[in-house]
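Morning, everyone. I have one structure to walk through today, and I will keep to what can be read off the coordinates.

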Amino acid sequence: MSKINFLRPDKDNLNTFLYLGSFLFLISVLDVFLNSFFSLNLTGFLPGFLSFLFPLILGFVGLYFIRIEFSGIKQLDLLNKHINTNNFNAVLSLLIIFVIIKSLPPILSWFVIDASFAGDTKDVCTGSGACWTYIKVWMRRFMYGMYPNAEQWRINLSFIALVLMGSVGYFATDRFKKYLTLYYVVIYPLIAFLFIFFFISGGPVFFDFSYGIIAAILSIILGFFIPAKYKFYYFLIVPLALYITLKYFIFFEEYIELGKLDGLNWVETGAWGGLSLTFIISFFCLIFCFPIGMAFALGRRSNFPLIRYISVGFIEFWRGVPLITVLFMSAVMFPMFLPEDFFIDKLVRAIIAISLFEAAYVAEVIRGGLQALPRGQYEAAKSLGMGYWKMHIFVILPQALKLVIPGIANTFLALVKDTPLIFVVGLLEIVGMLNLAKTNPKWLGFAMEGYVFAAIIFWIICYAMSKYSYNLEQKYKTDR
Amino acid sequence: MNFKLKDIVPQLITVTAVVLVFGFFTYNAQINMENRGIDFGYGFLSQESSFDVQFSLIEYDGSHSYFRAYLVGLLNTILVSVIGIIIATILGVIVGVARLSPNYLINKFAAFYVEFFRNIPLLLQIFFWYFAALRALPLPQDAEAIFGVFFLTIKGLYVPAFIWQNFSVFFYSIVAAIIAIIVIRIHAKRVQENQGKQIPVFLISIGLIFILPLLSFLIGGVGISFEVPVLKQLATTSFIYEGGVSLPPELIALTLSLSLYTATFIAECVRAGIQGVGKGQKEAAASIGLTPNQVLKLVIMPQALRIIIPPTTNQYLNLTKNSSLAAAIAYPDLVLVFAGTALMQTGKAIEIVSITMFTYLTLSISISLLMNWYNKKIAIQEK
């Protein structure tokens, strides 16, 4: 390389260039900083165009001066390696630094400095910043929709209970670990459904909690005396039998007033809404779409041609249409397909529609995992004399599902992000509530605050989910 | 015999169940329609629609048929999808490459963009742009011109319209240029295979695509003039721009949010594709004496594209399907015009929803068939 060493640092004058370069770079940053935070223009004496480009030119020259292959100074080498590798990169780095400095003051002032937090009327929002009072006043609506204020403890209590019961897996000892799958796949959804159906909606009671709890406690106590061999059958039959006996043959009316649910008011699903509805819908769709998707994934790889064709048709149909038309279908077309006196709640219809829709995506993801497994796994399982179901449950699916954790997580993320679409069937979760609040004549003009608020909430949920799936992926990663 | 029975029974049960469910639905639908006095049929498509659509690419008003309304909706959907796909691809490729940049700031900036826009529901983004961001734009009378000809106002973006003379000559010149480029490419490939000579196809193509249309201006009598939008007062406080092309705010909000959202996914596809090409490939290519440009063009890109294209096509499909969210902000796309207004007027739920779904289904399946064909074409032939 016979380049002329023009204005480049070398061994002798390294320090000079270093001081000069850092000085120019700092001056350029300082210029932009003062300009944006204190609206001082250091370079105001220059003509407009030059004044605008001045920091960029200064910074560029400064970075050019301090660019050196290896200097021995740790910070300088890191700086050169990361943001100052060549001229083009230097300009881009400078631009990004300037954009960040420029955009900080308006964002900060909108979010915090000029924003109003106090009070509970629109009048306090006079500043140029955000009006968080609006969010504060409407908080209950954004969280619970039109659910009556006095009854909202029911939603809170249900969610807390469900979270507690969901975290059982963390505390299970090794002895109970093998039942965890059964618990999460069958028992937990059932309990969740009961909670949401009876507790949140206060619906028509055909299951009496008071008797149920007594039956459960009694059967657990009795269960200690049952030999391990029969325990499974015992827990399959006895609790239910006890419940029926208690309810229909023995009446302890005076003892069980406490657990009665008759006192709960019926809240129809049209009044549900806000973030809690987002959670309810995501939760149920998540629970339902997984087994359906798994069934269709297996169906698509089945040896029976007719089952295969039906699965392919199902998957391709749902994947080919947008969710909004599916919800349209569930809203206007589906009632036509049912007997006249047969009525399905619109929330249930929406949940069925979204579950079927997402199930098709889950099916494709799981199919990818099934295809990725080497043939040897199937052959080895068959050579051990396993049948179709045994082979899939104990050998194939555990490995395949491990492979597709990221894909499944992406599908679930898409599901959570799709929940706002239920405005089509007339249900208002958080985004829907925002749109409703925005049109309230007392609170006009705060659309921005509302959307930013919802965006932050959704972002936190989705980001946490994606990080969790990443951790899960790392945890179950096996070398193959 | 026993063996065969084992094969047939599960299939028979499944098919019977499916047939029963569909039979149940059809039976109920018939009864319901009889009770409500609705007759099934697609005859309504030729009836007069008698509703208006705000934004339409083809001539349309209330006197046209429902089928015409369907076409208006379909074209609007395609318009949004095509614009969105173009912007999302450009942005996605830039961000995807930026995420691999050794520059820490650029890398983090791109990562921030991806993580930010990907984790917020698309519908929320559409609402944000439409109800919050674009509402902060100035009124038509206060709008300042961008480059003197564009006007970005609360009522939409006004851009100058082209007025062509002899447009067909210009069009044919472009078609001729494209055909010439294809012929030259084929010829160049043959020459290289036979004689090992390389013809600078890229430069010739660039030249052709510029020179032929330019010639059409100079010789072919093609003329072009601009129609700049002009502010016009309707009433004391009501202003509007006349002339030029106006893009409604719904279209802007929709394309903006669709492309910003989809670009994050395309960026991830691009990143995965480039990372998926082994380092050894680059080194091997360099060691046989290819120039850096040739390495990129002949070794890295073909392999990276093989990984990038299938998921990216999926994202294009997603964008097309997501464009149906237009209904939420009243952009007249297929769902709003046809499954919304037309359905309300005719009450033919089954027909209209099925047509709408079938349209999207055709769109997706044709694109995925195309993708499968392309995949097969570029797949590595080794097994």
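**Starting from one residue in chain B**

Ala69(B) is buried, because 26 other C-beta atoms lie within 10 Å. Before going further, please note that this is a predicted model.

Where does Ala69(B) lie? It is in helix H2 of chain B, which covers residues 66-98. Leaving out residues up to four places away in sequence, Ala69(B) touches Ser49(B), Val53(B), Tyr60(B), His64(B), Val337(B), Phe338(B) and Ala342(B). There is also a pair to look at here, Ala69(B) and Thr341(B). In sequence they are 272 residues apart, and from C-alpha to C-alpha they are 9.8 Å apart in space.

**Chain B overall**

Stepping back, chain B has 11 helices and 8 strands. Of its 383 residues, 30% are buried. If you take contacts in chain B between residues at least 6 apart in sequence, 64% of them join residues at least 24 apart.

What about overall dimensions? The C-alpha atoms of chain B fill a box of roughly 90 × 80 × 50 Å along the principal axes. The radius of gyration of chain B is 27 Å, where a compact globule of 383 residues would have one near 21 Å.

**A helix pair in chain B**

Two packed helices are described by the angle between their axes and the distance between the axes. The pair I picked in this chain is helix H4, residues 122-133, and helix H7, residues 249-276, both of chain B. Their axes come within 9 Å and cross at roughly 140°. That angle is why H4(B) counts as oblique to H7(B); the cut-off for roughly antiparallel is over 145 degrees. The crossing of H4(B) and H7(B) is right-handed.

Which residues meet there? From H4(B) there are Leu122(B), Gln125(B), Ile126(B), Trp129(B) and Tyr130(B). On the H7(B) side they meet Pro249(B), Glu250(B), Ala253(B), Leu254(B), Leu256(B), Ser257(B), Leu260(B) and Tyr261(B). By class, the contact of H4(B) with H7(B) consists of 10 nonpolar, 2 polar and 1 charged residues.

**A backbone detail in chain B**

Most residues other than glycine have a negative phi. Ala330(B) is not a glycine, yet its phi is positive, at about 65°. Ala330(B) sits in the loop between helix H9 (292-322) and helix H10 (334-346) of chain B. Is Ala330(B) buried, exposed or partly exposed? It counts as partly exposed, because it has 14 C-beta neighbours inside 10 Å.

**Over to chain A**

How many helices and strands does chain A have? The count is 20 helices and 1 strand. The radius of gyration of chain A is 31 Å, well over the 23 Å that the globule rule gives for 480 residues, so chain A is more spread out than a compact globule. Its C-alpha atoms fill a box of roughly 100 × 70 × 50 Å, again taken along the principal axes.

Of the 480 residues in chain A, 30% count as buried. For contacts in chain A between residues at least 6 apart in sequence, 69% join residues at least 24 apart.

One of the buried residues is Phe65(A), which counts as such because it has 21 C-beta neighbours inside 10 Å. Phe65(A) belongs to helix H2 of chain A, residues 48-65. The C-alpha atoms of Phe65(A) and Ile287(A) are separated by 60 Å, with their positions 222 residues apart along the chain.

**A helix pair in chain A**

Here the pair is H14(A) and helix H15 of chain A, residues 346-372. The axes of H14(A) and H15(A) come within 9 Å and cross at roughly 140°, and the crossing is right-handed. Leu323(A), Val326(A), Leu327(A) and Ser330(A) in H14(A) meet Arg349(A), Ala350(A), Ile352(A), Ala353(A) and Phe357(A) in H15(A). That contact has 7 nonpolar, 1 polar and 1 charged residues.

**Where the chains meet**

Last item, the interface. In total, 43 residues of chain A are in contact with 47 residues of chain B. On the chain A side, the elements that give two or more residues are helix H3 (74-83), helix H4 (87-113), helix H13 (305-320), helix H14 (323-333), helix H19 (430-438) and helix H20 (447-475). Which of them gives the most? That is H20(A), with 9 residues. The chain A side of the interface divides into 32 nonpolar, 7 polar and 4 charged residues.

That is what I have; questions are welcome.

Key
Residues are numbered from 1 along each chain as its sequence is written. Chains are lettered from A and ligands numbered from 1 in the order in which they are written. This is a predicted model: local features need pLDDT of at least 70, side-chain atom pairs count only at pLDDT 80 or more; totals for chains, interfaces and linings use all residues. Two residues are in contact if their C-beta atoms, placed from the backbone, lie within 7 Å. Helices (H or I, at least four residues) and strands (E, at least two) are DSSP runs, numbered from the N terminus. Ala, Val, Leu, Ile, Met, Phe, Trp, Tyr, Cys and Pro count as nonpolar, Asp, Glu, Lys and Arg as charged, and the others, Gly among them, as polar. Axes are lines fitted to C-alpha atoms, for helices over the stretch in contact, and angles run from 0 to 180 degrees between N-to-C directions. Angles under 35 degrees count as roughly parallel, over 145 as roughly antiparallel, 65 to 115 as roughly perpendicular and the rest as oblique. A crossing is left-handed if the near helix is turned anticlockwise from the far one by less than a right angle, and right-handed if clockwise. The radius of gyration is taken over C-alpha atoms; the globule rule is 2.2 Å times the number of residues to the power 0.38. A residue is buried if 20 or more other C-beta atoms lie within 10 Å of its own, exposed if 12 or fewer, and partly exposed in between; C-beta atoms are placed from the backbone.
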